[in-house]
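User: I'm new to this one and would like a close look at a single part. Please walk me through the core and how things pack around it.

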Amino acid sequence: MKIEDILKTTQMIKSSNIYEVIKDYNLNVVYSEMLNNKKFDATLSGNIILIKTDLMPEYERFVLFHELGHYLLHQESDAKFSFYLSKYKNRIENEANAFSFLCLTKDIDLTNMNIIKLSVQLGIPEKIAIKIYDYLLLNQYCLTC
């Protein structure tokens, strides 16, 4: 998928409030303590996002936007997506991570911003923030345009 397609999809998102956006798309969030000891933080199946109960609020927002990214960008594949921290390198995860970052920063002027530092402040783990930054640069997304 091209970065332009991800940007076009993020432009459909009218709010950086993930909980409002989830309602707009008729998605349901189910909090599950059973996931708390699993390697992944959330999973998407149909219109249900199953998510851990013990995530920090900022990181939860990132994960929910990430799963929304799978729903909007990859729904034609009809597959279940789980956000495995150990597998964030693959293309589909990078696209969902970039989508989440772009949604979280849609109301922020990124000019002269330290993107990695901002990402961490938004609750994105530094390891993933670096990958998002690299992905956006690799796909020639101008972070300060």
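Analyst: Let's start with a word we'll need throughout: two residues are in contact when they have heavy atoms within 4.5 Å of each other. With that in hand, 56% of the chain's contacts with a separation of 6 or more are between residues 24 or more positions apart.

Before going further, some ground rules. This is a predicted model, where local features need pLDDT of at least 70 and side-chain atom pairs count only at pLDDT 80 or more, while totals for chains, interfaces and linings use all residues. Residues are numbered from 1 along each chain as its sequence is written, and side-chain values use heavy atoms, with hydrogens and water left out.

Now the layout. The chain has six helices and four strands, and along the sequence they run α-α-β-β-β-α-β-α-α-α. Helices here are DSSP runs of H or I with at least four residues, strands are runs of E with at least two, and both are numbered from the N terminus. Of the chain's 145 residues, 46% are buried. Buried means under 20% relative accessible area, exposed means over 50%, and partly exposed is in between (1.4 Å probe, protein chains only).

On to the core itself. In soluble globular proteins, nonpolar side chains tend to be buried together. A nonpolar core is a set of buried Ala, Val, Leu, Ile, Met, Phe, Trp, Tyr and Cys residues joined through side-chain atoms within 4.5 Å. The largest one in this chain has 38 residues, and Phe65, Leu68 and Phe99 touch the most other members. Elements giving two or more residues to this core are α1, α2 (18–24), β2 (40–45), β3 (48–52), α3 (57–74), α4, α5 (115–121) and α6 (126–138). Helix α3 supplies the largest share, nine residues. Take Leu68: beyond residues up to four places away in sequence, Leu68 touches Ile13, Ile18, Val21, Tyr25, Leu27 and Phe99.

So how do the helices meet around there? Two packed helices are described by the angle between their axes and the distance between the axes. The axes are lines fitted to C-alpha atoms, for helices over the stretch in contact, and the angles run from 0 to 180 degrees between N-to-C directions. For α3 and α4, the axes come within 8 Å and cross at roughly 120°. That makes the pair oblique; angles under 35 degrees count as roughly parallel, over 145 as roughly antiparallel, 65 to 115 as roughly perpendicular, and the rest as oblique. The crossing of α3 and α4 is right-handed, meaning that the near helix is turned clockwise from the far one by less than a right angle (anticlockwise would be left-handed). Among the residues making this contact are Phe62, Phe65 and Leu68 of α3 and Ala96, Phe99 and Ser100 of α4. By class, the α3 and α4 contact has eleven nonpolar, six polar and three charged residues. In this scheme Ala, Val, Leu, Ile, Met, Phe, Trp, Tyr, Cys and Pro are nonpolar, Asp, Glu, Lys and Arg are charged, and the others, Gly among them, are polar.

Ser100 is worth a stop: it lies in α4 and is buried, with a relative accessible area of 0%. Setting aside neighbours within four places in sequence, Ser100 is in contact with Phe62, Phe65 and His66.

Helix α4 (residues 91–104) also packs against α1 (residues 3–11), at about 40° with the axes 10 Å apart. These two are oblique to each other as well, and their crossing is right-handed. Here Ile6, Leu7, Thr9 and Thr10 of α1 meet Glu95, Phe99, Leu102 and Cys103 of α4. That contact has five nonpolar, two polar and one charged residues. Thr9, at 12% relative accessibility, counts as buried. Apart from neighbours within four places in sequence, Thr9 is in contact with Leu72, Leu73 and Phe99.

Just along from there, Ser16 sits in the loop between α1 and α2. Ser16 and Cys103 are 87 residues apart in sequence, yet 6.0 Å apart in space, C-alpha to C-alpha. Not counting neighbours within four places in sequence, Ser16 is in contact with Arg61, Phe65, Cys103, Lys106 and Asp107.

One last stop is Ala129 in α6, which is buried at a relative accessible area of 1%. Leaving out neighbours within four places in sequence, Ala129 is in contact with Ile116, Ser119, Val120 and Ile124.
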